[in-house]
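Q: I am new to this structure and would be grateful for a close look at one part of it. Please set that part in the context of the whole chain.

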Amino acid sequence: MGNLLKVLTREIENYPHFFLDFENAQPTEEEREVWNQVDLVLQDSESILMGLREYKGASQEIRDAIQNPNDFKHQERAWNSVCPLVIKLKNFYTFSIRLEEVLQGLLSELTYSLNTAPLASTALERKQALAKQFAEILHFTLLFDELKIRNPAIQNDFSYYRRTISRNRINNMNLEIENEVNNEMANRMSLFYAEPMPMMKTLSKATTNFVMENKSLPLEKTTDCLSTMANVCRIMLETPEYSSRFSSEDTLLFCMRVMVGVIILYDHVHPNGVFIKSSTIDIKSSLKVLKDQPADKVEGLLNALRYTTKHLNDESTPKNILMLLQ
């Protein structure tokens, strides 16, 4: 399919048309250093998702322990079931930290390159492989959160761990886990898993921090980069000429996740948010693209827009936008 971004010549509704090839982009020598750093993290993303899909929890063991508070065997069985699960939860959490770190590098490369390019599209085309990695991070993030929000055992297991660790310390039960998850780590994990969509929260915070820490970079450079990605994804999804180029139907859902992800990030960094009429992202058309899909495929994405955006409930949000998200 050629380049990641192939700029086409015509425009409709003032939005330039692009085709983002999410399948074939390879890094140039200029991109290689950052690409390698990001790739090292993304290589672990599938195993993280697999671990989350396979996470069954210890609900029965915890229930038995609560119902039989004086039965040591039930207490021990529940504790020994929860401990390895907490290690898994720690691995998920530490992966979010790694993702946050490489996102900073990606944003720096993609936004500072706008200083030497007349348009965000041109800058993205020069950084094709990095733009693809940015999309892969957003795809992973929203997929992780969709899986997490459907698995209440995660928070139940961790809450049980937090409630019982002090008592177990007194009773001298298996405390080797504290070598892996000390009190400080447990506090940070607790805040992470308390969020309905913790990975998206992490990326939103990282993007906001990037803007605040790079005051020499005009805010418009970041918002232009995000809005270009969102609008291009939306146009590809609603235009058969482009969507038919994808070799897999999974790529369409990938594209939807990327679109939603950059919409959320834009809403967090733009002072007036993404829902105002003057937004450079066509939010109404983006929502209609999602609403036209089977509900079971996009409900998680709509929930992400409902619950992780910053400005949805502002007075400036048009009523027709609110209705689309009801």
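A: The account below begins with the chain as a whole, turns to helix 9, and then considers the core and some other helices.

The model is a predicted one. Its protein chain contains 15 helices and two strands. Of the 326 residues in the chain, 52% are buried. Among the contacts in the chain with a separation of 6 or more, 77% are between residues 24 or more positions apart. The chain exposes about 15,700 Å² of surface, and carbon and sulfur atoms supply 48% of that area.

Within this setting lies helix 9, which runs through residues 198-213 and has 16 residues. From its first C-alpha to its last, helix 9 reaches 22 Å, close to the 22 Å expected at 1.5 Å a residue. The buried residues of helix 9 begin with Pro198, Met199 and Met200. Further along helix 9, Thr202, Leu203 and Ser204 are buried, as are Ala206, Thr207 and Phe210.

The cover over these buried residues comes from several parts of the chain. It includes helix 4 (72-112), helix 6 (128-149) and helix 8 (183-194). Helix 10 (219-238), helix 12 (249-269) and helix 14 (295-308) are also included in the cover of helix 9.

Several of these helices can be followed further. The largest nonpolar core of the chain has 101 residues, and those with the most contacts inside it are Phe134, Tyr161, Met189 and Leu290. Helix 4 gives the largest share of this core, 16 residues. Met189, one of the residues with the most contacts in the core, touches Val86, Leu89, Lys90, Tyr93, Phe158 and Val181, leaving aside its neighbours within four places in sequence.

Helix 4 also holds His74. This residue counts as buried because its relative accessibility is 19%, and the limit for buried is under 20%. Apart from neighbours within four places in sequence, His74 is in contact with Asp64, Ala65 and Asn68.

Helix 12, another part of the cover over helix 9, packs against helix 13 (residues 283-291) at an angle of about 145°, with the two axes 11 Å apart. On the side of helix 12, Met256, Met259, Val260 and Ile263 make the contact, while helix 13 contributes Ile283, Ser286 and Leu290. The crossing of helix 12 and helix 13 is left-handed. Leu290 thus appears in two places in this account: in the contact between helix 12 and helix 13, and among the residues with the most contacts inside the largest nonpolar core.

Notes: Residues are numbered from 1 along each chain as its sequence is written. This is a predicted model: local features need pLDDT of at least 70, side-chain atom pairs count only at pLDDT 80 or more; totals for chains, interfaces and linings use all residues. Side-chain values use heavy atoms; hydrogens and water are left out. Helices (H or I, at least four residues) and strands (E, at least two) are DSSP runs, numbered from the N terminus. The expected span of a helix is 1.5 Å times one less than its number of residues. Buried means under 20% relative accessible area, exposed over 50%, partly exposed in between (1.4 Å probe, protein chains only). Contact means heavy atoms within 4.5 Å. Accessible areas come from the Shrake-Rupley method with a 1.4 Å probe; for residues, only the protein chains shown count as cover. A nonpolar core is a set of buried Ala, Val, Leu, Ile, Met, Phe, Trp, Tyr and Cys residues joined through side-chain atoms within 4.5 Å. Axes are lines fitted to C-alpha atoms, for helices over the stretch in contact, and angles run from 0 to 180 degrees between N-to-C directions. A crossing is left-handed if the near helix is turned anticlockwise from the far one by less than a right angle, and right-handed if clockwise.
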